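Biologist: Before we start, please show me the chain, and then take me through how to read its sheets and helix packing.

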Amino acid sequence: MEKEDLIDVVSKGIKANFPNLSYNTILELLPHFEFQEVQKKQEVIKIGQYNGKIIFVISGLFRAYYYQDDTENTFWFREEFTVFASHKSILRNKPSTIAYQALEDSVISVIDYSILKKFGEENPAVANSIISVLESLILELIDRVEEFITLNPEQRYQSFLDRNSKVLNRIPQNQLASFLGITPESFSRLKARMMKK
């Protein structure tokens, strides 16, 4: 993808996610974005690494994962026109406890959170957009925790299908099973049961 095309995609993606931002503000922000190509299986945020960047997915798919008792656990997925970051790094100034890995060859744009925050101090629309993103992420985290408390694996899978059917075929089955909190074998049985209904 040519740089002009990338800029166009990023501009449209920012406008779609943050409709309150004027095009002039977006044009002011764009020079601070860095475009990167990411290979499949490459980690853009590593566990134990300080990363103060906000990452915007232009194309491709990422997963977030962590380790518990030497077991790799997939926590969530990020596809085109979504953002992610190391929340511990940008909000607590600490190393990340979660890794973000590309599931496909991907293209991202990256901006330092400190730059975005500085823009926010001078521009209320940018500040409101930052708050909007953080609120959205907080709500997503709360929903994720509540699903594990209140739903069984089949209900969690149905909830995932309802929200993420467009990326379902792009996610490896073992990582989707991990996301649901079950083994790949249990996931196969779950899908078979659901097919019979």
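**Reading the sheets and the helix pairs**

Modeller: Start with one pair of residues: Val57 stands opposite Ile108 in β8. This is a predicted model.

Biologist: How many bridges join β3 to β8, and in which sense do the two strands run?

Modeller: Strand β3 (residues 53–59) and strand β8 (residues 106–112) run antiparallel and are joined by six bridges. Both belong to an open sheet of four strands with the order β1-β8-β3-β6 and antiparallel pairing. At its edges stand β1 (34–38) and β6 (83–85); each has a single partner strand, so one side of each is without a neighbour in the sheet. From one strand to the next, the twist averages 30°.

Biologist: Which strands of this sheet does α4 touch?

Modeller: Helix α4 packs on the sheet and touches β3 and β8. The direction of α4 makes about 55° with that of β8.

Biologist: What is the strand order in the other open sheet?

Modeller: The order is β2-β7-β4-β5, four strands again with antiparallel pairing. Here the edge strands are β2 (43–45) and β5, each of which pairs on one side only. The twist in this sheet averages 35° from one strand to the next.

Biologist: Which residues can I use to find the register of β4 against its partners?

Modeller: Take β5 to begin with. Strand β4 (residues 62–68) and strand β5 (residues 71–78) run antiparallel, with seven bridges joining them. Gln68 has Thr71 as its bridge partner in β5. Two residues lie between the strands of this hairpin, and Asp69 takes a positive phi near 50° there. Now turn to β7. Strand β7 (residues 99–102) pairs with β4 over four bridges in the antiparallel sense, and the bridge partner of Ala64 in β7 is Tyr100.

Biologist: And the helices: what describes two packed helices?

Modeller: The angle between their axes and the distance between the axes. For helix α4 (residues 113–122) and helix α5 (residues 124–150), the angle is about 130° and the axes are 5 Å apart. That angle makes α4 oblique to α5. The crossing of α4 past α5 is left-handed. On the α4 side, the contact is made by Tyr113, Leu116, Lys117, Phe119, Gly120 and Glu122; on the α5 side, by Pro124, Val126, Ala127 and Ile130. Sorted by class, this contact of α4 with α5 has seven nonpolar, one polar and two charged residues.

Biologist: At what angle do the axes of α6 and α8 cross?

Modeller: At roughly 75°, with the axes of helix α6 (residues 153–164) and helix α8 (residues 184–196) coming within 11 Å. That makes α6 roughly perpendicular to α8. From α6, the contact uses Pro153, Glu154, Tyr157 and Gln158; from α8, it uses Phe187, Leu190, Lys191, Arg193 and Met194. By class, the contact of α6 with α8 has five nonpolar, one polar and three charged residues.

Biologist: Last, the whole chain. How many helices and strands does it have?

Modeller: Eight helices and eight strands. The radius of gyration of the chain is 18 Å, close to the 16 Å given by the globule rule for 197 residues, so the chain is as compact as a globular protein of that length. Along its principal axes, the C-alpha trace spans about 55 × 35 × 30 Å.

How values were computed. Residues are numbered from 1 along each chain as its sequence is written. This is a predicted model: local features need pLDDT of at least 70, side-chain atom pairs count only at pLDDT 80 or more; totals for chains, interfaces and linings use all residues. Side-chain values use heavy atoms; hydrogens and water are left out. Axes are lines fitted to C-alpha atoms, for helices over the stretch in contact, and angles run from 0 to 180 degrees between N-to-C directions. Angles under 35 degrees count as roughly parallel, over 145 as roughly antiparallel, 65 to 115 as roughly perpendicular and the rest as oblique. A crossing is left-handed if the near helix is turned anticlockwise from the far one by less than a right angle, and right-handed if clockwise. Contact means heavy atoms within 4.5 Å. Ala, Val, Leu, Ile, Met, Phe, Trp, Tyr, Cys and Pro count as nonpolar, Asp, Glu, Lys and Arg as charged, and the others, Gly among them, as polar. Two strands pair if DSSP finds at least two bridges between them. The radius of gyration is taken over C-alpha atoms; the globule rule is 2.2 Å times the number of residues to the power 0.38.
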